Every structure is written in C-alpha cells, then in structure tokens.
Amino acid sequence: MALLPILEVPDPRLREKSTPVEVFDDNLQRLIDDMFETMYKAPGIGLAAIQVGVAKRLLVIDLQQPEEEGGEAKRNPLVFINPELTPEGEEKRLYTEGCLSVPDQYGEVRRPTTIHAKWLDRDGKAHGERIDGMLATCLQHEMDHLEGILFIDHLSRLKRGMLMKKLVKERKLREESSY
Ligand SMILES: [Zn+2]
C-alpha cells in the first residue's frame with residue numbers, strides 16, 4: 001500500500017467531472033487500498049478518487065466510530081463505486097463539514113437527511129439502501145466531488161471568500177515555519 005498525495009484547492013483537477021468505473025481489476029483494488037491508507041493517515045472520514053487525482057466515480061468512507069472506553073476507533077471501511085443518490089423526503093440536516101482538499105476549514109452545509117443510495121462494491125456487486133444520519137451527509141459530500149463540486153460551493157459567497165482567505169494565510173504560515 002502507498003500514501004497518495006491529496007489535491008488541495010485551487011487545484012483545477014478538483015473541478016473535473018469523474019467518469020464511471022468499468023474495470024474491476026487489480027489496479028482498482030490497489031487504488032482502493034491506497035485511498036483508505038491515505039484517508040486514515042490524513043486523518044479523514046471520506047475520500048473521493050479525484051482528491052488523489054483519479055477522475056473515476058469511486059469513493060471510500062469510514063466514519064470510525066470511536067470506542068467508548070477510549071480504546072482504538074472501530075474501523076468500518078465502506079467503498080462506493082458509481083454511486084447514485086436520490087433524496088427521500090423533504091427533511092434537511094445542517095452539519096459542519098470539512099474536507100481534506102480544503103485543509104482546516106469548516107462550514108455549515110444543509111443537505112437532505114435521508115437518501116436512497118445505489119452503488120457497486122469493490123467486487124462489482126450491486127447494492128441499494130436507504131441511508132440517513134452522518135453516513136448520508138458524508139456520502140453526499142463525497143458524491144459532490146465526483147461532479148467537481150466542493151462543500152465551499154454550498155456556502156454564501158461572503159463565507160466562502162473568508163474561508164479561502166484564511167486557508168491561503170494559514171498555508172503561507174505553514175510554509176514559512178517549515179524553512
Ligand atoms: Zn471533501
């Protein structure tokens with residue numbers, strides 16, 4: 001397995017539209033494993049293939065519910081290939097989102113609470129499920145990446161501008177302190 005570099009804004013590749021996965025070969029399995037390793041290391045709870053420069057409709061998620069006794073977080077790796085989401089009902093949920101491609105910045109995004117998802121797993125097997133809560137939010141955030149959309153696009157222009165300015169400033173500080 002290998003760690004992959006994560007693209008960050010304003011990298012134009014993050015705006016590309018990803019195309020469906022058609023071949024379920026060893027290269028795909030390796031990419032999935034590398035994406036999990038990269039996501040766990042970051043650390044993050046979701047990663048779309050385009051975030052590591054691969055414009056394929058593939059995303060990995062692990063909400064890693066922490067163990068109550070302060071032990072190791074329990075891993076629950078999920079793979080979604082060629083996912084399709086349909087909102088169910090009118091209810092929306094507000095959640096403070098972050099993104100590995102927009103490091104250390106957070107903003108509140110409102111998304112449908114419940115969705116119906118269809119996807120293929122890493123073996124190409126089809127699944128269909130009703131999903132709500134945190135997984136529904138995360139899945140919709142990752143799904144956006146496949147269309148070249150970032151969570152900051154859901155914020156007001158003012159909020160987005162402030163957040164991007166802060167990101168540039170923090171990035172500059174980080175670079176200066178690494179000399
Ligand atoms: Zn993201």
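**Notebook: contacts, zinc site and pocket**

I began with Thr113, which touches Glu91, Lys92, Arg93, Ile131, Asp132, Gly133 and Ala136, leaving aside residues up to four places away in sequence. I note here that the model is a predicted one. Thr113 sits in strand E4. Its relative accessibility is 12%, so I entered Thr113 as buried, the limit being under 20%.

Next I looked up Glu90, which is in strand E3. Between the C-alpha atoms of Glu90 and Thr113 I read 8.2 Å, with 23 residues separating the two along the chain. Is Glu90 buried or exposed? Glu90 has 77% relative accessibility and therefore counts as exposed.

**Zinc ion**

Which protein atoms are the donors of the zinc ion? I listed SG of Cys99, NE2 of His141 and NE2 of His145, at 2.1 to 2.3 Å from the ion. Along the chain these donors follow the spacing C-x41-H-x3-H. Cys99 belongs to strand E3 (residues 78-99) and His145 to helix H2, so this pair ties together parts that lie 46 residues apart in sequence. I then checked accessibility for both. Cys99 is buried, at a relative accessible area of 9%. His145 is also entered as buried, with 1% relative accessibility.

**Glu142**

I turned to the UniProt record, an unreviewed entry, where the annotation "active site" covers Glu142. Glu142 is part of helix H2, which spans residues 133-146. With 4% relative accessibility, Glu142 counts as buried. What does Glu142 touch, not counting residues up to four places away in sequence? I wrote down Gly46, Leu47, Ala48, Gln51, Leu59 and Ile61.

**Largest pocket**

I looked up the largest pocket and noted a volume of about 330 Å³. Its lining has 21 residues, and those nearest the centre are Ile45, Glu97, Gly98, Cys99 and His141. Two of these names were already in my zinc entry: Cys99 and His141 are donors of the ion. Which elements each supply at least two residues of the lining? They are E3, strand E4 (102-120) and H2. By residue type, I recorded the lining of this pocket as 10 nonpolar, 8 polar and 3 charged.

**Backbone notes**

I went through the cis peptide bonds. One joins Val9 and Pro10, with omega about 5°. Pro10 is in the segment before helix H1 (26-41). Another cis bond runs from Ala42 to Pro43, and there omega is near -5°. Pro43 falls in the loop between H1 and strand E1 (46-48).

I also looked for positive phi values in residues other than glycine. Asn82 has one, with phi near 45°. Asn82 is in strand E3, and at 19% relative accessibility it counts as buried, because the limit is under 20%. Asp104 has phi near 65°, again a positive value in a residue other than glycine. Asp104 is in strand E4. Is Asp104 buried or exposed? I entered Asp104 as partly exposed, because its relative accessibility is 44% and that class lies between the 20% and 50% limits.

How values were computed. Residues are numbered from 1 along each chain as its sequence is written. This is a predicted model: local features need pLDDT of at least 70, side-chain atom pairs count only at pLDDT 80 or more; totals for chains, interfaces and linings use all residues. Side-chain values use heavy atoms; hydrogens and water are left out. UniProt positions are given in the numbering used here, feature names are shortened, and annotations may be inferred rather than shown by experiment. Helices (H or I, at least four residues) and strands (E, at least two) are DSSP runs, numbered from the N terminus. Buried means under 20% relative accessible area, exposed over 50%, partly exposed in between (1.4 Å probe, protein chains only). Contact means heavy atoms within 4.5 Å. Donors are N, O and S atoms within 2.8 Å of the metal (3.2 Å for Na, K and Ca); water is not among the atoms, so sites may look incomplete. On a 1 Å grid over the protein atoms alone, a cavity is a set of points where a 1.4 Å probe fits but cannot get out, and a pocket is an open set with protein on both sides within 12 Å along at least five of seven lines; lining residues have an atom within 4 Å of a point. Grid points are joined across faces, edges and corners, and a volume is the space filled by probe spheres set on the points. Ala, Val, Leu, Ile, Met, Phe, Trp, Tyr, Cys and Pro count as nonpolar, Asp, Glu, Lys and Arg as charged, and the others, Gly among them, as polar.
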